[in-house]
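Let's walk through a protein model together, one question at a time. Keep the picture open while you read.

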Amino acid sequence: MDRGYVYVNKTNYLHNIEVLKQLSDKELCLVVKANGYGHGIEWTVKTAMEAGIKWFAVAAISEAKKVRAQSDELRVLLLTEPSLGEIDNIEKYNIDLTVYNDFFIDGLAKSGKAFNTHIKIDTGMHRVGCEPEDFINLYEKITSSKTINLAGICTHFPLADEEIEPTEESIELFKQTIKDVDTDSLLLHADNSGSSFYNFDPTFNLSRVGLAVYGCNITPAEVVQDLKPTMAIKTRISNIHHRKKGEAVSYGKALTLERDTTVGVSPVGYGDGYPWSTFPDGKVIVNNAYCNLIGRVTMDQILYDITDVEANINDEVVLLGNSENNELKITVFDIAKWNKTIEWEILTNINERLERVEIE
Ligand SMILES: Cc1ncc(COP(=O)(O)O)c(C=O)c1O
């Protein structure tokens, strides 16, 4: 090991896909944007294809290209309207488009090329999506076009991982908005991870799931969620030194040591996506014991207290995952809590500097 590895767990990922498939009859569209939530987009797509997944959602044309490179058979859904300057790429890589603006749809029509589109209706998120009262106009514009195909209608929930009731209100608004159009051959999709565990409304036939497939339990529904973590991050002790009570380590000398302390150092930092704010609340695991961070996370290194642990240079350090004896663990939720942020941000920030290693 040079600096550390991001282990991506194939067995757990396939297990989570199976759990999500069992929830309902809806087809799964896996959300693999932001480098497959940090796991490596090629890996997430290739592995999910083994489980028969055909739909993948992305946020960027560059991501769509990477999905398309895996197979011509897949459907790749872009979740927001790109600029019209991307029309050639959209056609070339056969990308399904999420659409909601007249301007964009007119641009598609003018190009004379063929596209698959999904109209997005804003049912409460208030980010992108057409107003419910504008839906019929967009629907008619697309269905009367000779080149643009309407493949689906969708929406997105702002509170699905927090509260069930507002999500149900969005579902009602969605159903009201589309009630006068023929949806027989269309894909109707709204779910993300949170709502997949409680929205069983038969209106929908596709769900777009991200975080849950990476093993994070985030639904407010009181259900058994047998999801397993798909990522672990491990590094090694690269340096050990001894400091006296009253000294302080790392930039800003932010914590005065309350005892004589043995300091462990590992070569992972915020330059790898391990968040700067993990100090002061965060921990790592060394030789089956939790060790507190005792100085600010730096770009390439972290520092922690190993006074109470027998440890040597090159011993393994767990930043995310289970201790060797499986008695201790650090979850994505823990790191998010220490950083006062959300699980999505922790996973998507883990960048390419640490090599990914697949474990079965
Ligand atoms: C439009 C859209 N659909 C689905 C998802 C998946 O959400 P989650 O990771 O909560 O499953 C996202 C995630 O950001 C999204 O933006």
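Before we start: strands are DSSP runs of E with at least two residues, and they are numbered from the N terminus. Also keep in mind that this is a predicted model.

Q: In which loop does P280 lie?
A: P280 is worth finding, since a cis peptide bond joins F279 and P280. Omega there is about 15°, and most peptide bonds are trans. As for the place, P280 is in the loop between β12 and β13 (283-286).

Q: What is the phi of N288?
A: Look in the loop between β13 and β14 (289-292), where N288 has its place. Most residues other than glycine have a negative phi. N288 is not a glycine, yet its phi is positive, at about 65°.

Q: Which strands are the edge strands of the open sheet with the order β11-β12-β15?
A: This sheet has three strands with antiparallel pairing. Strands of a sheet pair through backbone hydrogen bonds. An edge strand here pairs on one side only, and that picks out β11 (239-243) and β15 (302-305).

Q: What is the bridge partner of H241 in β12?
A: Stay with the sheet, whose twist averages 30° from one strand to the next. β11 pairs with β12 (residues 261-266) in the antiparallel sense, over five bridges. In β12, the partner of H241 is V263.

Q: Are α3 and α4 parallel or oblique to each other?
A: The axes of α3 (residues 41-50) and α4 (residues 61-68) come within 9 Å and cross at roughly 40°. Angles under 35 degrees would count as roughly parallel. The two helices are therefore oblique.

Q: How many charged residues are in the contact of α3 with α4?
A: On the α3 side you'll find I41, E42 and V45, which meet E63, K66 and V67 in α4. Sorted by class, the contact has three nonpolar residues and no polar ones, and the charged ones number three.

Q: How many residues of the shell around the ligand are nonpolar?
A: The ligand has V31, L79, H156, N192, S193, R208, V209, G210, L211 and A212 around it. Four residues of this shell are polar and one is charged, while the nonpolar ones number five.

Technical notes. Residues are numbered from 1 along each chain as its sequence is written. This is a predicted model: local features need pLDDT of at least 70, side-chain atom pairs count only at pLDDT 80 or more; totals for chains, interfaces and linings use all residues. Axes are lines fitted to C-alpha atoms, for helices over the stretch in contact, and angles run from 0 to 180 degrees between N-to-C directions. Helices (H or I, at least four residues) and strands (E, at least two) are DSSP runs, numbered from the N terminus. Angles under 35 degrees count as roughly parallel, over 145 as roughly antiparallel, 65 to 115 as roughly perpendicular and the rest as oblique. Two residues are in contact if their C-beta atoms, placed from the backbone, lie within 7 Å. Ala, Val, Leu, Ile, Met, Phe, Trp, Tyr, Cys and Pro count as nonpolar, Asp, Glu, Lys and Arg as charged, and the others, Gly among them, as polar. A residue is near a molecule or strand if its C-beta atom, placed from the backbone, lies within 6 Å of it. Two strands pair if DSSP finds at least two bridges between them.
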